[in-house]
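I set out to read this structure one element at a time and to keep a short record of each step. The entries below follow the order in which I looked things up.

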Amino acid sequence: MNVLSLFSGCGGMDIGFEGNFRCLKRSINTSMHPDWIATDHGDWVTVKKTMFQTIFANDIRPDAKVAWISYFSDKIKRADEIYHLCSIVDLVKREKAGDRLFPDKVDIVTGGFPCQDFSVAGKRRGLNSKKNHIGGLLEAGEPSIESRGQLYMWMRDVVSLTQPSLFIAENVKGLANLHDVKTVIEKDFANAANGGYIVIPAKILHSADYGVPQSRERIIFYGFKKSALTQKAMCALASENIPAEYDPYPQPTHAFTRNEHNLLAPVTCKEALVGLVEPEYSDDLSQRKYSKAKYMGRHCQGQTEICLDSIAPTIRSEHHGNIEFRRLNKEHGGNHTEELAQGLPERRLSVRECARIQTFPDEYQFIIPQKKGNVSVSSSDAYKIIGNAVPCVLAYNIAMRIEENWPKYFTGDRK
C-alpha cells in the first residue's frame, strides 16, 4: 500500500510505517504480537516489514531531508527524488495549477501538521497563528489560511487531490484542550473531497503505553474514505461507539497509563540507553555530540536529569541546547550517585541518547558533516528534527493495527 507522507521531518512516522527497523526487544509485547519480530538480536530485535511503502515525502527543513535520505537511501529507491523540499502550501498550489507532483495511486496520507501553535510550551495561538507556512511572520500580521496554525487545511487539500483510502494526522496533546480546535479540525477534515470521508473522534495516545521510554502524548486523527469502505466497516466507524474489532487505535502493549495483566512494564531510560559509552569514548558521531549549555537553575526549561529507572520527559525540538540532562552533578541535585562516584561529569543528553528515547534505530546517523554542495546536519539541527518526530515504535503500532484491519475496512478496489 502506497503512503504519501506530509510534514515528514526526519521520518519517525515513515520508519514506523515501513517497519524493518531495529528497536529494543522490550518495546515489543511478544505475548500480544508474536509475529512482529523478524529477527531476534538478544536485547534488540528487527521488526518485520509492513505492507506499506513510502512513495512521497515532504518537509521545509533541508536538514531533515538530508537526514531522511541518509537513512532511507538503502531502503527506498530514488529516496532523494521522493522527498520534496517544499511548503505544503506551494505543493498544493502547484498541483492545482496543473503540475503533476503527487503520485497517481495513494492508499494512505500521513502527516504531523505543525504543532507549535497548539503546544502548551508555546504561545498557543492555535488557528490564529501569526506565523506563515514557512515559519516567518505573516506580512499582514493577521491570521490567514496560509498561517502555520491552519496548515492542516492544506493537508486536507492533499487528501482531496489524492483520494487515499485513509488519512492519519498527528499533533500535540495540547490541541485537544485549546478552545474548540479539536472539533473544528475534525469537521474540516470530514469535508475533504466534498464530504467523502468519515472522521472518527480523535484520541490521545501516550507513547509509554506502546514501548516508548518517554512521556510523550499525541492526538491522532483518522479519516476513512466512504466509497472505499466495506458496508460493515461503514456502519461500525459511523457508530457512536465503534466496535473493538474496527477501532483503528492500537491497543496499549505496556502498562503506563493502564494496568492490565497482559501488558508489559514500561520501558525505562536505563534499558533504552543500554550499551552506550560516554561520548568521549564513542565512535558514533551522534553519541559524541551533545549540548554544552550550562545548568541554569530549576526555573528554566530543560534543567532536570532523566530518571534511569523510569521513562524520560518529552524529547523536545530544542532550539537553544537546553535539552534535559543525562546527569547532573551533586551540587545541582543529581541523583545518579553511582555514576557520580565514578567521576562521570555533568552533561546533557547526547543526540544518540535522544534518538534512542525516540526509538530511532542506531543505524540512523543524525550528525552528517558538510559535503560539497550538500547541507550538513549539526547537533543543534539533530536535536530539532529528533524532537519534532513521531517515535518510530509508536508509529509502528499504528501501522500494524491498520495493516491488521485493512481487509475489514476496505473493499480492495481503488475508487
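Entry 1. Before turning to the sheets, I note the rule for pairing: two strands pair if DSSP finds at least two bridges between them. I also note that the model is a predicted one.

Entry 2. I applied the rule to strand 3 and strand 4. Strand 4 covers residues 44-47, and it pairs with strand 3 in the antiparallel sense over 3 bridges. For one pair of partners, I found Asp 40 bridged to Val 45 in strand 4. I then asked in what order the strands of this open sheet are arranged. The 3 strands follow the order 2-4-3, with antiparallel pairing. Strand 2 (22-24) and strand 3 (37-40) are at the edges with a single partner strand each, so one side of each has no neighbour in the sheet. From one strand to the next, I recorded an average twist of 40 degrees. As a general reminder, I wrote down that strands of a sheet pair through backbone hydrogen bonds, either parallel or antiparallel.

Entry 3. I next looked at the protein as a whole. I counted 14 helices and 12 strands. Is the radius of gyration what a compact globule of 415 residues would have, and what value does the protein show? A compact globule of that length would have a value near 22 Å, and the 21 Å of the protein agrees with this. The C-alpha trace spans about 65 × 55 × 45 Å along its principal axes. Buried residues account for 55% of the 415 residues. Of the contacts between residues at least 6 apart in sequence, 73% join residues at least 24 apart. The exposed area is about 18,100 Å², and carbon and sulfur atoms supply 49% of it.

Entry 4. I turned to strand 8 and asked how many of its residues are buried. I found 7 of the 7 residues buried, so strand 8 is largely enclosed by the rest of the structure. Strand 7 (residues 108-111) pairs with strand 8 in the parallel sense over 4 bridges, and Val 109 stands opposite Phe 167 in strand 8. Strand 10 runs antiparallel to strand 8 and is joined to it by 7 bridges. Ile 168 stands opposite Tyr 222 in strand 10. I also checked Val 172, which belongs to strand 8. Val 172 has a relative accessibility of 8%, and buried means under 20%, so Val 172 counts as buried. Val 172 and Ile 220 are 48 residues apart along the chain, and their C-alpha atoms are separated by 8.8 Å.

Entry 5. I examined helix 6 (residues 181-190), where Val 181, Ile 185, Glu 186, Asp 188 and Phe 189 are buried. These residues cover an arc of only 165 degrees around the axis, so they lie on the same side of helix 6. Among the elements that cover them are strand 8 (166-172), strand 9 (197-206) and strand 10 (217-225), together with helix 5 (151-162) and helix 7 (192-195).

Entry 6. Helix 8 (residues 231-238) was next, with Ala 233, Ala 236 and Leu 237 buried. Their arc around the axis is only 90 degrees, so they lie on the same side of helix 8. Gln 231 and Ala 238 are exposed on the other side. The buried residues of helix 8 pack against strand 9, strand 10 and helix 14.

Entry 7. I followed helix 14 (residues 392-409) to Ile 398. Is Ile 398 buried or exposed? Its relative accessible area is 0%, so Ile 398 is buried. Outside its neighbours within four places in sequence, Ile 398 is in contact with Phe 17, Ile 168, Leu 205, Ile 220, Tyr 222 and Pro 250. Gly 16 is 382 residues from Ile 398 in sequence, yet the C-alpha to C-alpha distance is 8.1 Å.

Entry 8. I closed with Met 51, in the loop between strand 4 and strand 5 (53-59). Met 51 has 30% relative accessibility and therefore counts as partly exposed. Leaving out residues up to four places away in sequence, Met 51 touches Met 1, Glu 403 and Trp 406. Met 51 and Gly 19 are 32 residues apart in sequence, and 8.7 Å separates them in space, C-alpha to C-alpha.

Definitions and conventions
Residues are numbered from 1 along each chain as its sequence is written. This is a predicted model: local features need pLDDT of at least 70, side-chain atom pairs count only at pLDDT 80 or more; totals for chains, interfaces and linings use all residues. Side-chain values use heavy atoms; hydrogens and water are left out. Helices (H or I, at least four residues) and strands (E, at least two) are DSSP runs, numbered from the N terminus. Axes are lines fitted to C-alpha atoms, for helices over the stretch in contact, and angles run from 0 to 180 degrees between N-to-C directions. Buried means under 20% relative accessible area, exposed over 50%, partly exposed in between (1.4 Å probe, protein chains only). Contact means heavy atoms within 4.5 Å. The arc is that of the directions from the helix axis to the C-beta atoms. The radius of gyration is taken over C-alpha atoms; the globule rule is 2.2 Å times the number of residues to the power 0.38. Accessible areas come from the Shrake-Rupley method with a 1.4 Å probe; for residues, only the protein chains shown count as cover.
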